[in-house]
Structure formats: structure tokens, C-alpha cells
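User: I would like to go through this structure by question and answer, with the reasoning laid out before each result.

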Amino acid sequence: MGVWQLLEMGLVMLLGLLGVLVPGVPGLAIVWAAVAWWALSDTTGTAWAVLAGATGLLLLAQALKLLMPPRRLKAAGAPRRSLLTGGIAAIAGFFLLPVVGGILGFLGGLYGAERVRLGSHGAGWTSARTVLRSGGYSVLVELFACLLVVGAWAGVVIWA
């Protein structure tokens, strides 16, 4: 498989990660489709194992999202920009501090955006907790599952 094809798949996966943060865009499906495309192009056992693991993990994330409260982020009063800031910080954090950095980046980015918007620590922390309760947890679960899949794909591509 060529470098350009791998780069294209990586860009599609990045689009899927950002799609998790935008309502109406099926980020999970985009990430899964990119992994399936890669597995069909690179027919090794490792590629099929990554596809099977990605399928199971993304199905588990969908099941967990059904158990969480529905997204009502507008009711929380926080702008969409705060959640987008948290998501971008999660993507950066995941690759800077593997696995744990995704969660810490999301929470830190969300809190930081709310603190800047509201101007104080207490108000920022309260608003961040309200956003998490009103749908931020489901975004975090979906984003974290996609980050794990992209991380597994990147690890196999780099070290295999």
C-alpha cells in the first residue's frame, strides 16, 4: 500500500473525528469506513484484526450512547464552540499523551473555553459540568472510541 493511500485514509479518519463534534455528521461511520477501506486494500491478518476490533469497539460506543441521556447541549447554554474546543483538545491530547490524554484534553479544553467565555473559575467549572451532563458525555464516549480506533490503525501502520 502506498504512502498516498495511507495519507488519504488518515485524512478521512481525521474528517470522521471532527465529524463526531458536528451534529448530523456520522463520525463513527466515517472512521469505520476508512478502517474497512484500509483492511480491504491491505489484506493481512493484522488489518482484518484491526477492522474486527474497530467494529466491536464502535458498536459498543453506540450501545453506550443509547444508555446516556440525549444530547441537549443548547439547553445547557454553552455555545457549540466550547464543545468543539474540547474535542480538538481531546484529539491533540490523545496523540500527545496516548489514551489518557484524550479524556484529559476534552475536559481541559471544555473547561478552558467556558472559563474564558464566563470569566471566572467557578462559573467556568459549573458550566463545564452542566455541558457534560447535558450531552457532553455521549460526545466524549463517541470521540474516545474513534480515537482508540484511529490510534490502533496508526500503530499498526507505523510499526507493522
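**Helix packing and core**

Analyst: To begin with H3 in this predicted model, the buried residues of this helix pack against H2 and H7.

User: Which residues of H3 are buried?

Analyst: A residue counts as buried when its relative accessible area is under 20%. In H3, which runs over residues 45-67, those that are buried are Ala47, Val50, Leu51, Ala54, Leu58 and Ala61.

User: What distance separates the end C-alpha atoms of H3, and what should its 23 residues span?

Analyst: The expectation follows from a rise of 1.5 Å a residue, which for the 23 residues of H3 gives a span of 33 Å. The end C-alpha atoms agree with this, being apart by 33 Å.

User: How many residues has H1, and what distance does it reach from its first C-alpha to its last?

Analyst: H1 covers residues 3-21, and at 1.5 Å a residue a reach of 27 Å is expected. The model comes close to that expectation, for the 19 residues of H1 reach 28 Å.

User: Which helices do the buried residues of H1 pack against?

Analyst: The buried residues of H1 are Met9, Met13, Gly16, Leu17, Gly19, Val20 and Leu21. Their packing partners are helix H2 (27-41), helix H5 (80-96) and helix H7 (121-159).

User: Are H1 and H7 roughly parallel or roughly antiparallel to each other?

Analyst: Two packed helices are described by the angle between their axes and the distance between the axes. For H1 and H7 the axes come within 9 Å and cross at roughly 170°. Angles over 145 degrees count as roughly antiparallel, and H1 and H7 are therefore roughly antiparallel.

User: How many nonpolar, polar and charged residues does the contact of H1 with H7 have?

Analyst: On the H1 side the contact is made by Leu6, Met9, Gly10, Met13, Leu17, Val20 and Leu21. On the H7 side the residues are Val139, Glu142, Leu143, Cys146, Leu147, Val150, Trp153 and Val157. By class, the contact of H1 with H7 has 13 nonpolar, 1 polar and 1 charged residues.

User: Which helix gives the most to the largest nonpolar core?

Analyst: The largest nonpolar core has 42 residues, and those with the most contacts inside it are Leu17, Val35, Trp38, Phe106, Leu143 and Cys146. At least two residues of this core come from each of H1, H2, H3, H5, H6 and H7. The helix that gives the most, with 16 residues, is H7.

User: Which residues does Trp38 touch, not counting residues up to four places away in sequence?

Analyst: Trp38 is among the residues with the most contacts inside the largest nonpolar core. Leaving out residues up to four places away in sequence, Trp38 touches Met1, Leu6, Met9, Ala47, Val50, Trp153, Val156 and Val157.

User: Is Ser82 buried or exposed?

Analyst: Ser82 is found in helix H5 and, beyond residues up to four places away in sequence, touches Leu110, Ala113, Glu114 and Arg117. Its relative accessibility is 2%, so Ser82 counts as buried.

User: Is Arg81 buried or exposed?

Analyst: Arg81 also has its place in helix H5, and its C-alpha atom is separated by 10.0 Å from that of Leu21, 60 residues apart along the chain. The relative accessibility of Arg81 is 55%, where over 50% is required, so Arg81 counts as exposed.

Terms used:
Residues are numbered from 1 along each chain as its sequence is written. This is a predicted model: local features need pLDDT of at least 70, side-chain atom pairs count only at pLDDT 80 or more; totals for chains, interfaces and linings use all residues. Side-chain values use heavy atoms; hydrogens and water are left out. Helices (H or I, at least four residues) and strands (E, at least two) are DSSP runs, numbered from the N terminus. The expected span of a helix is 1.5 Å times one less than its number of residues. Buried means under 20% relative accessible area, exposed over 50%, partly exposed in between (1.4 Å probe, protein chains only). Contact means heavy atoms within 4.5 Å. A nonpolar core is a set of buried Ala, Val, Leu, Ile, Met, Phe, Trp, Tyr and Cys residues joined through side-chain atoms within 4.5 Å. Axes are lines fitted to C-alpha atoms, for helices over the stretch in contact, and angles run from 0 to 180 degrees between N-to-C directions. Angles under 35 degrees count as roughly parallel, over 145 as roughly antiparallel, 65 to 115 as roughly perpendicular and the rest as oblique. Ala, Val, Leu, Ile, Met, Phe, Trp, Tyr, Cys and Pro count as nonpolar, Asp, Glu, Lys and Arg as charged, and the others, Gly among them, as polar.
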